[in-house]
Amino acid sequence: LPEPWYWTDQNLNDQLASELSPGHILYGKKVRTLARREDNDDVLFNVMNAEFTFAVVHLTWSENTDEGGKWPIVEIYNNWNQLYENRIQIDHENYNIFNEA
């Protein structure tokens with residue numbers, strides 16, 4: 001994966017579950033941690049039992065759930081190409097611009 005993303009063996013499934021309330025789009029979904037950003041709290045999850053395949057979640061690291069289902073912020077993607085072109089590649093370009101400045 002291009003910077004700032006990296007593959008991880010760290011399992012953040014429990015952290016995600018602790019942040020979700022019943023109104024959240026990922027609530028009750030089976031996920032697997034795939035990757036993280038090195039410069040913030042964004043995590044890429046593979047979602048197994050949903051109409052979409054990938055979710056990028058900005059974990060809050062809070063012990064309280066948001067009952068309205070607004071937090072944590074999530075972006076969903078239907079396939080790898082959509083995820084790569086619309087998130088990972090853009091993050092990489094922005095990361096390089098920021099680090100060159």
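**Sheet and aromatic cluster: group meeting talk**

What you have on screen has 5 strands in one open sheet, ordered E1-E2-E3-E4-E5, with antiparallel pairing. Strand E1, residues 5–7, and strand E5, residues 73–77, are the edges, and each of them pairs on one side only. On average, neighbouring strands of this sheet are turned by 30° against each other, direction ignored. Before I go on: this is a predicted model.

Inside the sheet I will take one pairing. Strand E2 covers residues 31–37 and strand E3 covers residues 42–47, and the two pair in the antiparallel sense over 5 bridges. To fix the register, look at Arg 32, which stands opposite Asn 46 in E3.

Now the aromatic side chains. How many aromatic pairs does a search of the whole structure find? The count is 3. One of them is Trp 7 with Trp 80, a stacked pair at 6.0 Å centre to centre and 20° between the planes. The 20° between these planes is under the 30 degrees that stacking requires. Trp 7 lies in strand E1 and Trp 80 in helix H2, residues 80–100, so this pair ties together parts that are 73 residues apart in sequence.

Trp 80 also has a ring partner within its own helix. Its ring and that of Tyr 84 have their centres 6.1 Å apart, with the planes at 40°, so this pair is tilted. Both Trp 80 and Tyr 84 lie in helix H2, 4 residues apart, which is about one turn of the helix.

Are these two residues buried, partly exposed or exposed? Trp 80 is partly exposed, with a relative accessible area of 31%. Tyr 84 is partly exposed too, at 30%. The cut-off that matters next is over 30% relative accessible area, which a residue needs to be part of a patch. Trp 80, at 31%, is over that cut-off.

Which residues make up the nonpolar patch on the surface with Trp 80? They are Leu 1 and Trp 7, and together the three have about 290 Å² of accessible area.

To put the rings together: ring pairs link Trp 7, Phe 54, Trp 80 and Tyr 84 into a cluster. Within that cluster, Trp 7 is the residue found in strand E1, one of the edge strands I began with. Trp 7 and Trp 80 therefore connect that strand to helix H2, and both belong to the nonpolar patch on the surface.

Conventions:
Residues are numbered from 1 along each chain as its sequence is written. This is a predicted model: local features need pLDDT of at least 70, side-chain atom pairs count only at pLDDT 80 or more; totals for chains, interfaces and linings use all residues. Side-chain values use heavy atoms; hydrogens and water are left out. Two strands pair if DSSP finds at least two bridges between them. Axes are lines fitted to C-alpha atoms, for helices over the stretch in contact, and angles run from 0 to 180 degrees between N-to-C directions. Rings of Phe, Tyr and Trp (its six-membered ring) pair if their centres lie within 6.5 Å; planes under 30 degrees apart count as stacked, over 60 as edge-to-face and the rest as tilted. Buried means under 20% relative accessible area, exposed over 50%, partly exposed in between (1.4 Å probe, protein chains only). Patches are made of residues with over 30% relative accessible area and no salt bridge: like charges are joined within 9 Å, nonpolar side chains (Val, Leu, Ile, Met, Phe, Trp, Tyr) within 5 Å. Accessible areas come from the Shrake-Rupley method with a 1.4 Å probe; for residues, only the protein chains shown count as cover. A salt bridge is a side-chain nitrogen of Lys or Arg within 4 Å of a carboxyl oxygen of Asp or Glu.
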